[in-house]
Amino acid sequence: MTGRPLYEKVLLKLSGEVLAGDGGTGIDRAVVERLSDEIAEASRRGVKVGVVAGGGNFLRGAAFAGEGGDRVAGDQMGMLGTIMNAIAFREALTRRGIAARVFSAVPVPTICETFTQRDADRAFEAGEVLLFAGGTGNPFFTTDTGAALRAAEMGCDALFKGTQVDGIYSADPKFDPDAVRFDRMTHEEVLAKGLEVMDAAAVSLARDNGIPVIVFSILQPGAIVAILDGKGKSTIVTDT
């Protein structure tokens, strides 16, 4: 990354499935190490970085309910999965000399701090990477919504949504060769077209708080840094 970063305060949203790597479940250490390198580089350049990692590499509440389990219990297990992912990032970043702190919406005081906007803001201003875990702390809300909520609370300039494709398409390009890729959209267009890059609550929260959503492929090495440098391939969702 060279020159002044395009964004000064960002929230990076990662899916738990990405952290599982080729194994499909659990935490792929190589993936966490690579992403931690990029987060560390951004932090060293003075960018304030918050991270929300989903828990789908361990369990998804909706899938658990679909198999006959209780949705609330499934979502609670998923929240615990996000805490494990956040701890993995904290340890990887600490080894790189980057101060990182886990804030959980679900109180687990012997393991990490409970989220308050005041304490998190102080840590942000001190230059620490913030690892937000536990979703919103409530069942029936996705970690996408949790990410948009934290981005709004922390006054982030942008919400980075790392996916398995290089932007927003009219359909899943892995299954539809005629899918059209968008370079730029408004929040309202994403909602009106029913595009599933993020759930509607998350997109609405970002819209209502004037937060651009940058959708890019997290599988591309160096993508986080490239986006901060105004490069790379992505779809920008903004109303300005």
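This dialogue works through the sheet, the cores, an aromatic cluster and two residues of a predicted model.

Reader: What should I keep in mind about numbering and confidence before I begin?

Author: Residues are numbered from 1 along each chain as its sequence is written, and side-chain values use heavy atoms, with hydrogens and water left out. As this is a predicted model, local features need pLDDT of at least 70 and side-chain atom pairs count only at pLDDT 80 or more, while totals for chains, interfaces and linings use all residues.

Reader: How many strands does the open sheet have, and in which order?

Author: Helices (H or I, at least four residues) and strands (E, at least two) are DSSP runs numbered from the N terminus, and two strands pair if DSSP finds at least two bridges between them. Here nine strands form an open sheet with mixed pairing, in the order 4-3-5-2-1-6-10-11-9; its edges are strand 4 (113-114) and strand 9 (184-185), each of which pairs on one side only. Strand 1 (residues 9-14) and strand 2 (residues 48-53) run parallel and are joined by six bridges, with Lys48 in strand 2 as the bridge partner of Lys9.

Reader: Which strands does helix 4 touch?

Author: Contact means heavy atoms within 4.5 Å, and axes are lines fitted to C-alpha atoms, for helices over the stretch in contact, with angles from 0 to 180 degrees between N-to-C directions. Helix 4 (residues 71-95) packs on the sheet and touches strand 1, strand 2, strand 3 (100-104) and strand 5 (129-133), its direction making about 165° with that of strand 5.

Reader: Which residues touch the most other members of the largest nonpolar core?

Author: In soluble globular proteins, nonpolar side chains tend to be buried together. A nonpolar core is a set of buried Ala, Val, Leu, Ile, Met, Phe, Trp, Tyr and Cys residues joined through side-chain atoms within 4.5 Å, where buried means under 20% relative accessible area, exposed over 50% and partly exposed in between (1.4 Å probe, protein chains only). The largest core has 38 residues, of which Phe89, Leu131, Phe160 and Phe216 touch the most other members; its largest share, six residues, comes from helix 2 (residues 29-44). A second, separate core of 29 residues includes Phe103, Val197, Val203 and Val213.

Reader: Which residues form one aromatic cluster with Phe160?

Author: Rings of Phe, Tyr and Trp (its six-membered ring) pair if their centres lie within 6.5 Å, and planes under 30 degrees apart count as stacked, over 60 as edge-to-face and the rest as tilted. By this rule there are four aromatic pairs. Tyr7 and Phe160 form an edge-to-face pair, 5.6 Å centre to centre with 85° between the planes; because Tyr7 lies in the segment before strand 1 and Phe160 in strand 6 (residues 158-163), this pair ties together parts that are 153 residues apart in sequence. Phe160 and Phe216 are also edge-to-face, at 6.0 Å centre to centre and 80° between the planes, and they link strand 6 to strand 10 (residues 213-217), 56 residues apart. Tyr7, Phe160 and Phe216 thus form one aromatic cluster.

Reader: Is Ser15 buried or exposed, and what does its side chain reach?

Author: Ser15, in the loop between strand 1 and helix 1 (16-20), counts as buried because its relative accessibility is 16%. The side chain of Ser15 reaches the backbone nitrogen of Val18 at 3.2 Å.

Reader: Where is Thr238 found, and which residues is Thr238 in contact with?

Author: Thr238 is found in the segment after strand 11 (234-237) and, leaving aside its neighbours within four places in sequence, is in contact with Arg184, Met185, Thr186, His187 and Pro212.

Definitions and conventions. Polar contact = N/O pair within 3.5 Å; in protein donor to acceptor, adjacent residues only side chain to side chain.
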